[in-house]
Amino acid sequence: MRLRHVKESRHVTEAKEFGRVAVLFGGTSTEREISLLSGNACLQALLRRGVDAHPFDPRDKPLNELVTRNFERVFIALHGPGGEDGTLQGALEFLGMPYTGSGVMGSAIGMDKLRTKRLAQAVGIPTTEYMVLRSPADLETCLERLGLPLIVKPATQGSSVGMTKVEKAEQLSGAFQAAALLEPNVFAEPWITGAEYTVAVLQGRALPSIRIETPATFYDYQAKYFRTDTKYHCPSGLSAEAEKHLANLSLGTFEAIGAEGWGRADFMMDKAGKPYLLEVNTIPGMTDHSLVPKAAGALGINFEQLVWQVLETSFCRTRIVA
Ligand SMILES: Nc1ncnc2c1ncn2[C@@H]1O[C@H](COP(=O)(O)OP(=O)(O)OP(=O)(O)O)[C@@H](O)[C@H]1O
Ligand SMILES: [Mg+2]
């Protein structure tokens, strides 16, 4: 007997078909502030479209209130651990509460940059080589193996937190310590000099890529949320062929890690034009200045329509049939 994955999707035309919706935002991760912005923007958009949507901050309320207060589905606008990493998704499965975006497995793997890279590699999606740094004893080998410059990252943080570019050998130890303070899973990868691209995925299709240009050393926390000199190009300027390639890599990565519904894949492209997957975000930022809304806008999908389509993903689940 062969097992087939069946994607169930539903396009909703009337706001009332969604029923009573809780928009989950806030939470307790280091990305709380961004989540407050994303969640508020999504809540307001849903309200403008007539959806019976209500704010719900899981920092302040136990999740079983979703059931006792008769919510029918959940729009998740939480970023980082406790919202984007599969734990919340598992709790919602237990409560029988449909939710937007990736399920338990895709969320958990997507939160972990190292595991995402390993799975991507396994299906032939190019990602940089890397070395796991377990202790200061690994640093010398790391320099020998990867060369300079390189970048040190904690595996499961978002928003560029704890990441350092290392240009000189003596900077590596400090970079390792900065990342290891946040979590035990730390790795290094070679620095790629070139352009940065991100591809949003919505309901199984890739949206036009965005090229990100920052005068900062890299697209760090400041460049992401505060600097006004970060430039976003969409269309990104890639040839049709390169655009298609990046779209396929993004969809292939989603498939490989089991991510669903919506999200974003980030890439660096080297000077020769070869893209390398950096990571997947299963609940990317959703303020009206964020990247996914920009990509949707390039296809004529406005913010309200985008939020609506993300909410539709709460009807989509991959079902395995015999
Ligand atoms: N190998 C690399 N070479 C050059 N620049 C890199 C490399 N890896 C990461 N960067 C830069 O660092 C930024 C952040 O890296 P990455 O996307 O891996 O994590 P993150 O953005 O912190 O995670 P999240 O998107 O979940 O917030 C990238 O957007 C890019 O500008
Ligand atoms: Mg990123």
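How many residues surround ligand 1, and which are the closest? The count is 20, and the closest are Ser159, Ser160, Glu196, Lys224 and Glu279; here a residue is near a molecule or strand if one of its heavy atoms lies within 4 Å of it. The views below come from a predicted model, in which local features need pLDDT of at least 70 and side-chain atom pairs count only at pLDDT 80 or more, while totals for chains, interfaces and linings use all residues. Residues are numbered from 1 along each chain as its sequence is written, chains are lettered from A and ligands numbered from 1 in the order in which they are written, and side-chain values use heavy atoms, with hydrogens and water left out.

**View 1. Polar contacts of ligand 1.** A polar contact is a pair of N or O atoms within 3.5 Å; within protein, one must be able to donate a hydrogen and the other to accept it, and residues adjacent in sequence count only if both atoms are side-chain atoms. Start with the nitrogen atoms: the side chain of Glu189 places an N or O atom 2.9 Å from a nitrogen atom of ligand 1. Ile192 uses its backbone instead, with an N or O atom 2.8 Å from a nitrogen atom of the ligand. For an oxygen atom of ligand 1, look to Tyr219, where a polar backbone atom is 3.0 Å away.

**View 2. Helix H11 and its surroundings.** Helices (H or I, at least four residues) and strands (E, at least two) are DSSP runs, numbered from the N terminus. Helix H11 covers residues 303-312, and seven of its ten residues are buried, so the rest of the structure largely encloses it. Buried means under 20% relative accessible area, exposed means over 50%, and partly exposed is in between (1.4 Å probe, protein chains only). The buried residues are Phe303, Leu306, Val307, Trp308, Val310, Leu311 and Glu312. Their cover includes strands S2 (20-24), S4 (73-76), S9 (194-202) and S13 (262-270), along with helices H1 (32-48) and H10 (291-298). At the N-terminal end, Asn302 acts as the cap of H11, with a side-chain oxygen 3.2 Å from the backbone nitrogen of Glu304.

**View 3. An open sheet of four strands with two helices.** The strand order is S5-S8-S6-S7, and the pairing is antiparallel. At the edges are S5 (131-133) and S7 (164-166), each of which pairs on one side only. From one strand to the next, the twist averages 30°; axes are lines fitted to C-alpha atoms, for helices over the stretch in contact, and angles run from 0 to 180 degrees between N-to-C directions. Two strands pair if DSSP finds at least two bridges between them, and S6 (residues 150-154) and S7 share three. One bridge partner to look for is Val166 in S7, which matches Leu150. Helix H6 (residues 139-146) packs on the sheet, where it touches S5, S6 and S8 (186-190), and its direction makes about 165° with that of S5; contact means heavy atoms within 4.5 Å. Helix H7 (residues 172-180) lies across S5, S6, S7 and S8 and runs at about 20° to S6.

**View 4. The hairpin of S13 and S14.** These strands pair in the antiparallel sense over six bridges. Strand S14 (residues 275-281) is mostly covered, with seven of its seven residues buried. In S14, Glu279 is the bridge partner of Asp266. Four residues lie between the strands of the hairpin, and Gly273 takes a positive phi near 90° there.

**View 5. Thr253 in helix H9.** Thr253 sits in H9 (residues 240-257). With a relative accessible area of 1%, Thr253 is buried. Leaving aside residues up to four places away in sequence, Thr253 touches Thr116, Ile125, Leu277 and Val280.

**View 6. Cysteines and cis peptide bonds.** A disulfide is a pair of cysteine sulfur atoms within 2.5 Å, and by this rule the count is zero. Why does Cys234 make no bond with Cys42? The sulfur of Cys234 is 18 Å from the closest cysteine sulfur, in Cys42, so the two are too far apart for a bond. Cys42 is buried at 0% relative accessibility, whereas Cys234 is partly exposed at 25%. Cys234 is also joined to Pro235 by a cis peptide bond, with omega about 5°. Another cis peptide bond runs from Leu148 to Pro149, with omega near -5°.
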